[in-house]
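Thanks, everyone. I have two stops today, and I'll keep them brief. Let me put the model up.

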2 protein chains.
Amino acid sequence: MPHSYRYPRAALTVDCVIFGYDTEDLKVLLIQRDSPPFEGRWALPGGFVDVGEPLEEAARRELKEETGVEKVYLEQLYTFGDDVKRDPRERVVSVAYYALAKLSDHRVQAATDARNAAWFQVADAPSLAFDHDQVLEMALTRLKGKVRYQPIGFELLPPKFTLTQLQRLYETLLEASLDKRNFRKKLLAMGLLEELDEIEQDVAHRAARLYRFDKRAYRDLQKRGLHFEL
Amino acid sequence: MPHSYRYPRAALTVDCVIFGYDTEDLKVLLIQRDSPPFEGRWALPGGFVDVGEPLEEAARRELKEETGVEKVYLEQLYTFGDDVKRDPRERVVSVAYYALAKLSDHRVQAATDARNAAWFQVADAPSLAFDHDQVLEMALTRLKGKVRYQPIGFELLPPKFTLTQLQRLYETLLEASLDKRNFRKKLLAMGLLEELDEIEQDVAHRAARLYRFDKRAYRDLQKRGLHFEL
DNA sequence: CCAAAAGTGTTTCCGATACACCCATGA
DNA sequence: TCATGGGTGTATCGGAAACACTTTTGG
């Protein structure tokens with residue numbers, strides 16, 4: 001026990017809510033705890049922050065160690081530290097992040113690690129360890145809110161996608177059905193979609209054109225002070 | 001040095017960006033540091049979180065101790081911990097909050113405490129200690145964004161205010177000039193303003209009617225799933 | 001009576017919404 | 001040839017924006 005301080009200190013952790021999307025449903029990646037407290041319960045991936053480690057780096061490290069997920073969109077969500085007993089062992093303050101992963105890239109990883117990891121439909125996720133239910137709920141609220149005015153939805157889709165896939169994603173996130181023609185008109189009018197000379201493969205009907213999100217155009221849009229919306 | 005841990009731990013602090021509004025300008029309350037590091041420099045009020053203390057409680061305590069401000073609207077902003085050298089002494093992770101204060105209630109306090117405290121115009125605040133410039137900037141961005149879709153502007157005004165005062169506040173926050181008739185139409189149409197049978201006093205022209213923000217009506221609005229906007 | 005701000009409606013315009021049919025492809 | 005989804009245009013509606021003069025009050 002070599003590290004001593006004048007006053008007691010809280011432990012500092014990071015937790016990650018990793019969202020994925022699966023042509024139908026919004027999913028979240030959970031790990032099953034292999035030790036107390038809450039042994040056997042599902043929880044958000046996360047762990048202790050090293051004293052010399054930037055917060056976001058800690059979040060990415062834990063993400064990779066526990067689930068194999070890397071190189072994802074990651075954003076700080078909220079810091080949970082109002083309930084001093086949220087961890088039964090001692091005072092733990094946790095900085096929560098949420099991540100958006102392209103499910104296609106991360107299908108296999110789930111079962112590879114020492115810990116048991118699995119994608120759950122957000123709608124029927126089990127009751128989680130610690131206050132992680134609350135963290136998940138906040139992440140979901142944030143995602144649903146943010147998707148309206150920032151083009152983060154694209155982080156959940158493969159790099160090349162059809163307009164119908166994009167529309168389904170928005171319909172899932174916004175919990176609303178959208179008009180196909182109006183949706184296309186709006187999205188294409190923004191000029192943020194690059195129309196590719198490719199079409200989807202292996203479908204049992206007319207193949208749809210593929211598009212790619214144009215990051216450069218979005219940055220230009222931002223510079224001109226304009227906003228993405230709906 | 002009675003408190004020992006297996007691994008070294010970061011120190012945990014809270015910092016507060018306290019905004020006030022003064023019929024003209026947006027202000028921020030700063031304190032002058034009386035000890036190193038950054039002795040003499042202006043900084044955001046804040047300090048260490050006690051191990052048994054909820055985060056928000058720590059923020060309110062520091063706010064009161066250092067500036068006398070209490071009972072304000074307070075909301076978590078962001079947790080700063082990516083730069084491991086943001087405090088030159090050791091690793092410090094800081095949970096930042098922002099507060100909205102009615103300047104009228106807090107005019108005197110500024111100079112009362114042991115530390116030197118003062119309201120600065122946000123536009124010409126001095127360069128701050130630590131990474132507090134960055135914290136202030138983020139708080140400002142958040143305030144400007146949030147004011148559009150949540151009725152938090154009222155927290156900056158006295159309980160009874162005129163429509164012109166409210167409009168000036170929004171013009172300041174949004175950095176835009178608004179049409180008087182359209183502004184009034186819109187705000188009154190929301191039904192969130194309670195029209196009082198009082199008028200402002202001691203003005204050298206026709207006295208304006210006073211209004212009060214109707215919290216109950218807002219809660220009802222929220223329950224019906226509707227949003228405040230602009 | 002003058003200065004200063006309060007208060008008040010209507011028209012115009014643009015973006016949001018509603019809506020239905022033909023086309024291409026693989027089975 | 002049939003089932004499945006892809007792709008397309010127009011008319012209507014409603015809220016946002018533009019816009020100027022009269023009223024009240026104190027000095």
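**Two stops in a predicted model**

Start in chain B. B:Leu44 sits in a loop there, between strand E4 (42-43) and strand E5 (46-48). Keep in mind that this is a predicted model.

Is B:Leu44 buried or exposed? Its relative accessible area is 3%. The cut-off for buried is under 20%, so B:Leu44 counts as buried.

What does B:Leu44 touch? Leave out residues up to four places away in sequence, and the list reads B:Asp15, B:Cys16, B:Val17, B:Leu30, B:Ile31, B:His132 and B:Val135. One distance to add: from the C-alpha of B:Leu44 to that of B:Phe130 is 9.4 Å, with the two positions 86 residues apart along the chain.

Second stop: DNA strand D. There are 18 residues around DNA strand D. Which come nearest? From chain A, A:Lys180, A:Lys185 and A:Arg209; from chain B, B:Asn182 and B:Arg206. Now take the atoms of DNA strand D within 4 Å of the protein: 39% belong to sugar and phosphate.

The surface near DNA strand D breaks down as eleven charged, four polar and three nonpolar residues. Helix H4 (180-190) of chain A and helix H4 (180-190) of chain B each supply at least two residues of that surface.

Now the polar side-chain atoms. A:Thr164 places one 3.0 Å from a phosphate oxygen of DNA strand D. For A:Arg184, the distance to a phosphate oxygen of the strand is 3.4 Å. B:Asn182 goes to a base: a polar side-chain atom lies 2.9 Å from a base nitrogen of DNA strand D.

That's it from me.

Notes
Residues are numbered from 1 along each chain as its sequence is written. Chains are lettered from A and ligands numbered from 1 in the order in which they are written. This is a predicted model: local features need pLDDT of at least 70, side-chain atom pairs count only at pLDDT 80 or more; totals for chains, interfaces and linings use all residues. Side-chain values use heavy atoms; hydrogens and water are left out. Helices (H or I, at least four residues) and strands (E, at least two) are DSSP runs, numbered from the N terminus. Buried means under 20% relative accessible area, exposed over 50%, partly exposed in between (1.4 Å probe, protein chains only). Contact means heavy atoms within 4.5 Å. A residue is near a molecule or strand if one of its heavy atoms lies within 4 Å of it. A polar contact is a pair of N or O atoms within 3.5 Å; within protein, one must be able to donate a hydrogen and the other to accept it, and residues adjacent in sequence count only if both atoms are side-chain atoms. Ala, Val, Leu, Ile, Met, Phe, Trp, Tyr, Cys and Pro count as nonpolar, Asp, Glu, Lys and Arg as charged, and the others, Gly among them, as polar.
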